[in-house]
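Me: Please take a close look at one part of this structure and follow it outward into its surroundings. I would like one careful, connected account rather than a list.

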Amino acid sequence: MRAIFLDKDGTLVDDVPYNAEPRRITLCSGAGAALRLLARLDYRFFIISNQDGIAHGYFGEDAMGCIERRLADLLFREQLMLDGFYYCPHHPAGKVAPYAVACTCRKPMPGMLQRAAREHGIDLRASWMVGDILHDVEAGNRAGCRTLLIDKGNETEWQLGPHRVPTRIAADLYAAAVMIVRHDEDRQ
């Protein structure tokens, strides 16, 4: 199985910081068309999201079920299916004791991608991690995926390193999908 691992906020959906209100979650412009293009190539879709608002006490972990259902509904309306939803509730500087820890699932670590690969039989080398900051890129590279940075201006640090160089850079999710399609065509 090949997967497109998608960061949630700023990549798949409009970025509203620490938003746990499902009605406020909307797909980024062109996201439906982008994912339909990739679905034709038999890619499966997985959300990979840091949700440290849980560790900071902004919302409870129970909010994640509502968010997952909202995302699945938004994709269903686009004639698409969400194959998995993975989130990291941790942050070392969090205020909620069980979640105020360092972990291997929080991006830039690859734990969520590796877990999804184990649970779903995903070929990481044939998959892509798509996100709007270099932590997304690093997580994908560490997991062995190809990576695509959507450069919307959300990356503020630009600290480059051996795992923080994307395979490709695009302006939005639709342009990213076109690049992935072309990459696949060039390899055939």
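Reply: A convenient place to begin is Asp42, which is exposed, with a relative accessible area of 62%, and which belongs to the loop between α1 and β2. The model is a predicted one, and in it Asp42 has a positive phi of about 65° although it is not a glycine. Tyr18 offers a second case of a positive phi in a residue other than glycine, here about 55°; this residue sits in the loop between β1 and α1 and is partly exposed, at 45% relative accessible area.

From Asp42 the chain leads into β2, and here the surroundings change. Strand β2 is largely enclosed by the rest of the structure, because 7 of its 8 residues are buried. It runs parallel to β1, to which 5 bridges join it, and within this pairing Ile4 has Phe45 of β2 as its bridge partner. Strand β2, spanning residues 43–50, also pairs in the parallel sense with β3, again over 5 bridges, and there Phe46 has Gly84 in β3 as its bridge partner.

These pairings belong to an open sheet of 6 strands in the order β3-β2-β1-β4-β5-β6, with parallel pairing. The edges are held by β3 (84–88) and β6 (168–170), and each of them has a single partner strand, so one side of each is left without a neighbour in the sheet. On average, and with direction ignored, neighbouring strands are turned by 20° against each other. Helix α1 packs on this sheet, where it touches β1 and β2, and its direction makes about 130° with that of β2. Helix α5 (residues 173–186) packs on the sheet as well, touching β1, β2, β4 (128–131), β5 (146–150) and β6, and the angle between its direction and that of β5 is about 155°.

On the other side of β1 in the strand order stands β4, followed by β5. Strands β4 and β5 run parallel and are joined by 4 bridges, with Thr147 of β5 as the bridge partner of Met129. For β5 the count of buried residues is 5 of 5, so this strand too is largely enclosed by the rest of the structure. In a regular strand, side chains alternate between the two faces of the sheet. In β5 both faces are covered: Arg146, Leu148 and Ile150 are buried on one side, and Thr147 and Leu149 are buried on the other.

What surrounds the strands can be followed through the nonpolar cores. The largest core has 37 residues, of which Leu12 and Leu173 touch the most other members. At least two residues of this core come from each of β1, α1, β2, α2 (63–77), β4, β5 and α5, and the largest share, 6 residues, is supplied by α2. Beyond its neighbours within four places in sequence, Leu173 is in contact with Leu6, Thr11, Leu12, Ala31, Ala34, Leu35, Val130 and Ile150. A second, separate core, made up of 17 residues, includes Phe46, Tyr86, Met112 and Met129; two of these residues have already appeared above as bridge-forming members of the sheet, Phe46 with Gly84 and Met129 with Thr147.

Leu12 and Met129 also recur among the neighbours of a charged residue. Asp7 lies in the loop between β1 (2–6) and α1 (31–39), and in contrast to Asp42, which is exposed at 62%, Asp7 is buried, with a relative accessible area of 7%. The side chains of Asp7 and Thr11 are joined by a polar contact of 3.2 Å. Residues up to four places away in sequence aside, Asp7 touches Leu12, Ile48, Lys107, Met129, Val130, Gly131, Asp132 and Asp136.

The cysteines complete the picture. The whole structure contains 0 disulfides. Cys88 is buried, at 0% relative accessibility, and its sulfur has that of Cys105 as the closest cysteine sulfur; no bond is assigned because the separation of 3.3 Å is too far. Cys145 is likewise buried, at 7% relative accessibility, and its closest cysteine sulfur, again in Cys105, is 16 Å away and therefore too far for a bond.

Conventions:
Residues are numbered from 1 along each chain as its sequence is written. This is a predicted model: local features need pLDDT of at least 70, side-chain atom pairs count only at pLDDT 80 or more; totals for chains, interfaces and linings use all residues. Side-chain values use heavy atoms; hydrogens and water are left out. Buried means under 20% relative accessible area, exposed over 50%, partly exposed in between (1.4 Å probe, protein chains only). A polar contact is a pair of N or O atoms within 3.5 Å; within protein, one must be able to donate a hydrogen and the other to accept it, and residues adjacent in sequence count only if both atoms are side-chain atoms. Contact means heavy atoms within 4.5 Å. A disulfide is a pair of cysteine sulfur atoms within 2.5 Å. Two strands pair if DSSP finds at least two bridges between them. Axes are lines fitted to C-alpha atoms, for helices over the stretch in contact, and angles run from 0 to 180 degrees between N-to-C directions. A nonpolar core is a set of buried Ala, Val, Leu, Ile, Met, Phe, Trp, Tyr and Cys residues joined through side-chain atoms within 4.5 Å.
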